[in-house]
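Look at the chain shown here and trace its path from one end to the other. This briefing walks through some of its parts, topic by topic.

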Amino acid sequence: MSRHVPGPTIDPRDVGGSRTLSQHYLGQEKCYQVIAFTAMEGMAKRMAAYNPSRFVYHETIWGKFADGTDEIEIGGFYPENKIQGEHVLFLASFYSNDATLSQFHVLNALCESFIESLTVVLPYYPTGTMERVTKEGVVATASTLARLFSNLPRVGRPIRVMVYDLHTLQNRFYLSGSSLASLHSAIPLLVKELRKSSSMISCVAFPDEGACKRFSALFKDEFPTWPIITCGKVRDGDKRIVTIQDGDPRGMHIIIVDDLVQTGGTLHECGIALTSKGALSVSAFVTHAVFPTGWDRFLRAKSGPFETFFVTNSNPIVADRLPKDDAFKVLDIMSQLVTDM
C-alpha cells in the first residue's frame, strides 16, 4: 500500500504573477537578463544587488552618431551571448519622444534575438492621458504608442508590458497582437508608509470623483475606519475653484491621493481647501511625478500646503531632481515591481 506524503502548505497569495505552481513547489523563480534605458540603470543595478541569482544586469551603450541618430550596443551579447534563449526584462522610461524611439530600436532587436520571453517594465505610461479625441485632426498618441508595442516581432508568447496606475484604464485594451498590458498599482508602497507608527494620517481625500472611484476601495480595505473626503472643481464666475464636495476635514490629518501630478495646480488648491476647513495637516501621494513645471510651489520655503508629498520614482528623470530635504519623499517602486513580477 502506497503511503501518501503531504506536500508543503501553500499560501495562495505566494503563487501568482509569472510564478507557476510547479515553480513554487520546486522553489524556483524565473530568472531574468536585465536591460535598462539610461534613466532606469540605477533601478536595474539595485535589482541585481537585491537578488543577483534572479536578476542579471547587462549595461547597454546608448550613444549617438554625429548626425544625431542612435548608436546603440545592447549589453549581454558580446563576447558571449547571454540573451538568446533567456527571459529578458527591459526597464523602460518614455520621458521624451527621442528616448522612446531609441528604446523601441532595442525592443525590436531583442524580439529578433531568439529570447524565451520579454517583459517590459514601463512604470509611467506617458500618453495615458491622450487616449481620445473630441476634435478631428487631434492625434490620440496613446493609440500610436499601443500600436508600436502591439506590432513588435513575436517572441512565442505575448510581450508583457507592466504599467503602474495607468491614468485611463481603457488604455490596456489598446495593446493587442504581440503585446499585452499588465496593470499594477504603487498604492501598497503608500500603505506601508501610512502603517508606520510615526504616521499621524487617519483620513484619505481625493481631488476629484474619478480618483475616488478608482482608489477609495483600496483604502476601505486597508483602513476601514478612516473617513473619505472628495474634492472637486466648481465654476465661480469665469474661474473654476476646488471645493470639498463630500466629507468633513475638521481635526483630521489627511492624505490626498491621485495617480499623477502635472503642474500640481489642482492638488495645491485641494490642500488649501482642506486646511481652510479645519484639517490639522495635509499630505499628498501620487504615483507619477511628471512636473513639466510647478514642483517648487510645494516647497516649505514657499509655504507649500503639504506636510509630506509622497511620489515614486516611476519617472526617475523628475524624481531625481526633486529636493531631498524638503516636503518631497520619493518612494522606490523597485520593491513593488519585484513583488508584482
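What follows is an overview, then notes on cores, helices and single residues.

This is a predicted model. The chain has 341 residues, and buried residues make up 50% of them. Its secondary structure comes to 9 helices and 15 strands. Take the contacts between residues at least 6 apart in sequence: 67% of them join residues at least 24 apart.

**Nonpolar cores**

- The largest nonpolar core has 41 residues. M47, L91, F219 and V257 have the most contacts inside this core.
- Helix 5 (residues 187-194) gives the largest share of this core, with 5 residues.
- Another core, of 32 residues, lies apart from it. Its members include A92, L110, L118 and V161.
- L91 has many partners beyond its neighbours within four places in sequence. Among them are V34, I35, A36, F37, M40 and M43. A44, M47, Q103, V121 and L337 are in contact with L91 too.

**Helix 2**

- Helix 2 covers residues 41-50, and its buried residues are E41, M43, A44, M47 and A48.
- These buried residues lie on the same side of helix 2, because they cover an arc of only 160° around the axis.
- The face turned away from the buried side carries the exposed residues A49 and Y50.
- What covers the buried residues of helix 2? Several strands do, including strand 1 (32-36), strand 2 (55-57), strand 3 (61-64) and strand 5 (87-91). Helix 9 (334-340) is also part of the cover.

**Helix 4**

- Helix 4 runs over residues 141-150. Its residues A142, L145, A146, F149 and S150 are buried.
- They span an arc of only 135° around the axis, so they sit on the same side of helix 4.
- The cover over these buried residues includes helix 3 (97-111), strand 6 (117-121), strand 7 and strand 8.

**Helix 6**

- Helix 6 has 14 residues, from 209 to 222. Does its length agree or disagree with the rise of 1.5 Å a residue? It agrees: the helix should span 20 Å, and its end C-alpha atoms are 20 Å apart.
- The helix bends by about 45° at F215. F215 is also one of its buried residues, along with A211, C212, S216 and F219.
- D208 caps the N-terminal end of helix 6. A side-chain oxygen of D208 lies 3.2 Å from the backbone nitrogen of G210.

**E222, in helix 6**

- E222 belongs to helix 6. Its relative accessible area is 35%, so E222 counts as partly exposed.
- Leaving aside neighbours within four places in sequence, E222 is in contact with V191 and R195.
- The side chains of E222 and R195 are joined by a polar contact of 2.6 Å.
- E222 and R195 are 27 residues apart in sequence. Their C-alpha atoms are 9.6 Å apart in space.

**S178, in a loop**

- S178 sits in the loop between strand 7 (159-164) and strand 8 (179-184).
- Is S178 buried or exposed? S178 is buried, because its relative accessible area is 4% and the cut-off for buried is under 20%.
- Its side chain has a polar atom 2.9 Å from the backbone oxygen of S150. A polar atom of the S178 side chain also lies 2.8 Å from the backbone oxygen of L152.
- Not counting residues up to four places away in sequence, S178 touches several others, including F149, N151, R154, R157, P158 and I159.
- R147 is 31 residues from S178 along the chain. The C-alpha atoms of the two are separated by 9.9 Å.

**T312, in a strand**

- T312 lies in strand 14, which covers residues 309-312.
- With a relative accessible area of 1%, T312 is buried.
- Which backbone oxygen does the side chain of T312 reach? The backbone oxygen of T287, at 2.6 Å.
- A polar atom of the T312 side chain also lies 3.1 Å from the backbone nitrogen of S314.
- Setting aside residues up to four places away in sequence, T312 touches A186, L189, F285, V286 and T287, among others. A319, V330, L331 and I333 are also touched by T312.

Key. Residues numbered from 1 in each chain as written. Predicted model: local features only at pLDDT ≥ 70, side-chain atom pairs only at ≥ 80, totals over all residues. Heavy atoms only, no water. Helix = DSSP H or I, 4+ residues; strand = E, 2+ residues; numbered from the N terminus. Buried < 20%, exposed > 50% of the residue type's maximum accessible area, 1.4 Å probe, protein only. Contact = heavy atoms within 4.5 Å. Polar contact = N/O pair within 3.5 Å; in protein donor to acceptor, adjacent residues only side chain to side chain. Expected span 1.5 Å × (residues − 1). Bend = angle between axes of the 7 residues up to and from the residue. Core = buried A, V, L, I, M, F, W, Y, C linked by side-chain atoms within 4.5 Å. Arc of directions from axis to C-beta.
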